[in-house]
Amino acid sequence: MSTDTSTTPLQRQLAAYWRELLGAEVVRPQDHFLEVGGNSLMATMLANRIEEELGVQLSMVDLFDTLEHVTEVCEEQLREQGRTFPAA
């Protein structure tokens, strides 16, 4: 049984990052990073991982929001770079 309620491959990948970092079993699209236990140090670690693995740079303001918002910002940056997820 999956604990993943995310809707797109990118959102599922980001949810996996959140679950690993936050030690959460379930992360839903409407979950807010700070409200599910995140803090500024974790957000920095998350931003570094997203940049390293996805090539997308996010601000703390972007990360201190819902998983759905973070996914939208990542998708927008990928489109601007002429890429999609998963990256080829």
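Glutamate 20 is exposed in this predicted model, with a relative accessibility of 58%. This residue takes part in one of the three salt bridges that a search of the whole structure finds, and its partner there is arginine 49, with the closest N and O atoms 3.1 Å apart. The points below follow that pair first, then a second salt bridge made by arginine 49, then the bridge between aspartate 31 and arginine 28, and lastly the surroundings of threonine 66.

**The bridge between helices α1 and α2**

- The salt bridge of arginine 49 with glutamate 20 links distant parts of the chain, since glutamate 20 belongs to helix α1 (residues 9–22) and arginine 49 to helix α2 (residues 40–54), 29 residues apart.
- The two partners differ in their exposure class, because arginine 49, at a relative accessible area of 25%, is partly exposed, whereas glutamate 20, at 58%, lies above the 50% limit and counts as exposed.

**The bridge within helix α2**

- Arginine 49 also meets the side chain of glutamate 53 in a salt bridge, with an N to O distance of 3.1 Å.
- Both of these residues lie in helix α2, where four residues, about one turn of the helix, separate glutamate 53 from arginine 49.
- Through shared partners, the salt bridges join Glu20, Arg49 and Glu53 into one network.
- Glutamate 53 is partly exposed, because its relative accessible area of 41% falls between the limits of 20% and 50%.

**The bridge between aspartate 31 and arginine 28**

- Aspartate 31 forms a salt bridge with arginine 28, and the closest N and O atoms of this pair are 3.5 Å apart.
- Aspartate 31 counts as buried, because its relative accessibility of 9% is under the 20% limit.
- Arginine 28, on the other side of the bridge, has a relative accessibility of 36% and counts as partly exposed.

**The surroundings of threonine 66**

- Threonine 66 is found in the loop between α3 (60–63) and α4 (67–80), and, with a relative accessible area of 18%, this residue is buried.
- A polar atom of the side chain of threonine 66 lies 3.0 Å from the backbone nitrogen of histidine 69.
- Once neighbours within four places in sequence are left aside, threonine 66 is in contact with Trp18, Pro29, Gln30, Asp31 and His32.
- Asp31, one of these contacts of threonine 66, is the residue that forms the salt bridge with arginine 28.

How values were computed
Residues are numbered from 1 along each chain as its sequence is written. This is a predicted model: local features need pLDDT of at least 70, side-chain atom pairs count only at pLDDT 80 or more; totals for chains, interfaces and linings use all residues. Side-chain values use heavy atoms; hydrogens and water are left out. Helices (H or I, at least four residues) and strands (E, at least two) are DSSP runs, numbered from the N terminus. Buried means under 20% relative accessible area, exposed over 50%, partly exposed in between (1.4 Å probe, protein chains only). A polar contact is a pair of N or O atoms within 3.5 Å; within protein, one must be able to donate a hydrogen and the other to accept it, and residues adjacent in sequence count only if both atoms are side-chain atoms. Contact means heavy atoms within 4.5 Å. A salt bridge is a side-chain nitrogen of Lys or Arg within 4 Å of a carboxyl oxygen of Asp or Glu.
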